[in-house]
Amino acid sequence: SRACRCGSRNLAQVIVIMIEIENITKTYRMGDVEVHALAGVSLKIERGEVVSIMGPSGSGKSTLMNILGCLDQPTSGSYVLDGTAVNSMNDDQLAEVRNRKIGLVFQSFNLLRRLTARRNVELPMLYAGIENGRRERAVKALEAVGLGDRMDHRPTELSGGQQQRVAIARALINDPAILLADEPTGNLDSKSGEEILQLLLTLNHEHGITLVFVTHDSKIAAHTQRVIHMRDGLIEEGIA
């Protein structure tokens, strides 16, 4: 085999597939009409890869994002996430996988306004039943995204860029296998958006976190290793 011919020097370069979906479909019923949001999508994403998913409105990219993030189930097809088959799981099982393996970052931040930055970051640990060291881990996560001096502020006391940093710290708090970012710079000015993008890319470079961006922004796509174009519920072949 090729592995045998190459010898031991390639042992550290073993490819690990983080995401593998095969012939995924998603159909919604609107009255008497069936809407085929995904029409048979197959995709592999390697551990540590930085990928962007692009496409016009209605192309299926948001539906694909929801399925990759275990926020929704496909109508048919298979989905293996970090070695675990998730396409046949119930809602409780999906929630557990989502909390353990997936970090989600949204355009709208999705922070609880009544809680401080630190308490927002602690939430995934609370849901996971983690008691010991919760505060310390949240503090360390906020320091890692440059908000060590703002952890006792509520979202209304933070800028948009700072709120997104809190959201990133929260997404990373349980050491997820993959970070999914849905238009993470969409509500930010250009300077803050560039800072958030560079922060995410640094996390990938320094910690090997797999990054998947769903975006309209060609500037984000230009910084990723691979661009996946979608149209009419399918991946457009031959477009890189």
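Me: What makes α6 and α7 count as roughly parallel to each other?
Reply: In this predicted model, the axes of α6 and α7 cross at roughly 20° and come within 10 Å. Angles under 35 degrees count as roughly parallel, and α6 and α7 are therefore described in that way. The crossing of these two helices is right-handed.

Me: Which residues of α6 and α7 meet, and how do they divide into nonpolar, polar and charged?
Reply: On the side of α6 the residues are G161, Q164, R165, I168 and L172, and they meet S192, E195, I196, L199, L200 and L203 in α7. The residues of this contact divide into six nonpolar, three polar and two charged, with Gly counted among the polar ones by the convention used.

Me: Why are α4 and α6 called roughly parallel to each other?
Reply: The axes of α4 and helix α6, the latter spanning residues 160–172, cross at roughly 30° and come within 7 Å. Since the class of roughly parallel takes in angles under 35 degrees, α4 and α6 are therefore placed in it. Their crossing is right-handed. The contact is made by A117, N120, V121 and P124 of α4 together with V166, A169 and R170 of α6, and its residues divide into five nonpolar, one polar and one charged.

Me: Why is the pair α4 and α5 called oblique?
Reply: Helix α4 (residues 117–127) and helix α5 (residues 134–144) pack at an angle of about 120°, with their axes 9 Å apart. Roughly perpendicular covers 65 to 115 degrees and roughly antiparallel begins over 145, and α4 and α5 are therefore oblique to each other. The crossing of α4 and α5 is right-handed. From α4 the contact draws on A117, R118, V121, E122, M125 and L126, and from α5 on R134, R135, R137, A138, V139, A141 and L142. These residues divide into eight nonpolar, no polar and five charged.

Me: What makes β2 and β5 edge strands in the sheet of four strands?
Reply: This open sheet has the order β2-β1-β4-β5, with antiparallel pairing. Both β2 (33–46) and β5 (84–85) have a single partner strand, so one side of each is left without a neighbour in the sheet.

Me: How do you know that β1 and β2 pair, and which residues stand opposite each other?
Reply: Two strands pair if DSSP finds at least two bridges between them, and eleven bridges join strand β1 (residues 17–30) to β2, the two running antiparallel. K26 stands opposite L38 in β2, and T25 stands opposite A39 in β2. In the hairpin of these strands, which has two residues between them, G31 takes a positive phi near 70°.

Me: Which helix packs on this sheet, and which strands are touched?
Reply: Helix α2 (residues 61–68) packs on the sheet and touches β1, β2 and β4 (76–81), while its direction makes about 120° with that of β1.

Me: What makes β6 and β10 the edge strands of the sheet of six strands?
Reply: The order in this open sheet is β6-β7-β8-β3-β9-β10, with mixed pairing. Each of the edge strands, β6 (102–106) and β10 (234–235), pairs on one side only.

Me: How do you know that β7 and β8 pair, and which way do they run?
Reply: The requirement is at least two bridges, and five bridges join strand β7 (residues 178–182) to strand β8 (residues 210–214), which run parallel. D182 stands opposite V214 in β8.

Me: At what angles do α3 and α7 run to β6 and β8?
Reply: Helix α3 (residues 91–101) lies across β6 and β7, running at about 85° to β6. Helix α7 (residues 190–207) lies across β3 (50–54), β7 and β8, and runs at about 150° to β8.

Me: How do you know that the radius of gyration agrees with a compact globule?
Reply: For 240 residues a compact globule would have a radius of gyration near 18 Å, and the chain has 19 Å, which agrees. Taken along the principal axes, the C-alpha atoms fill a box of roughly 60 × 50 × 35 Å. The chain has eight helices and ten strands.

Key. Residues numbered from 1 in each chain as written. Predicted model: local features only at pLDDT ≥ 70, side-chain atom pairs only at ≥ 80, totals over all residues. Heavy atoms only, no water. Axes fitted to C-alpha atoms, helices over the stretch in contact; angles between N-to-C directions. Left-handed = near helix turned anticlockwise from the far one by under 90°. Contact = heavy atoms within 4.5 Å. Rg over C-alpha atoms; globule rule 2.2 N^0.38 Å.
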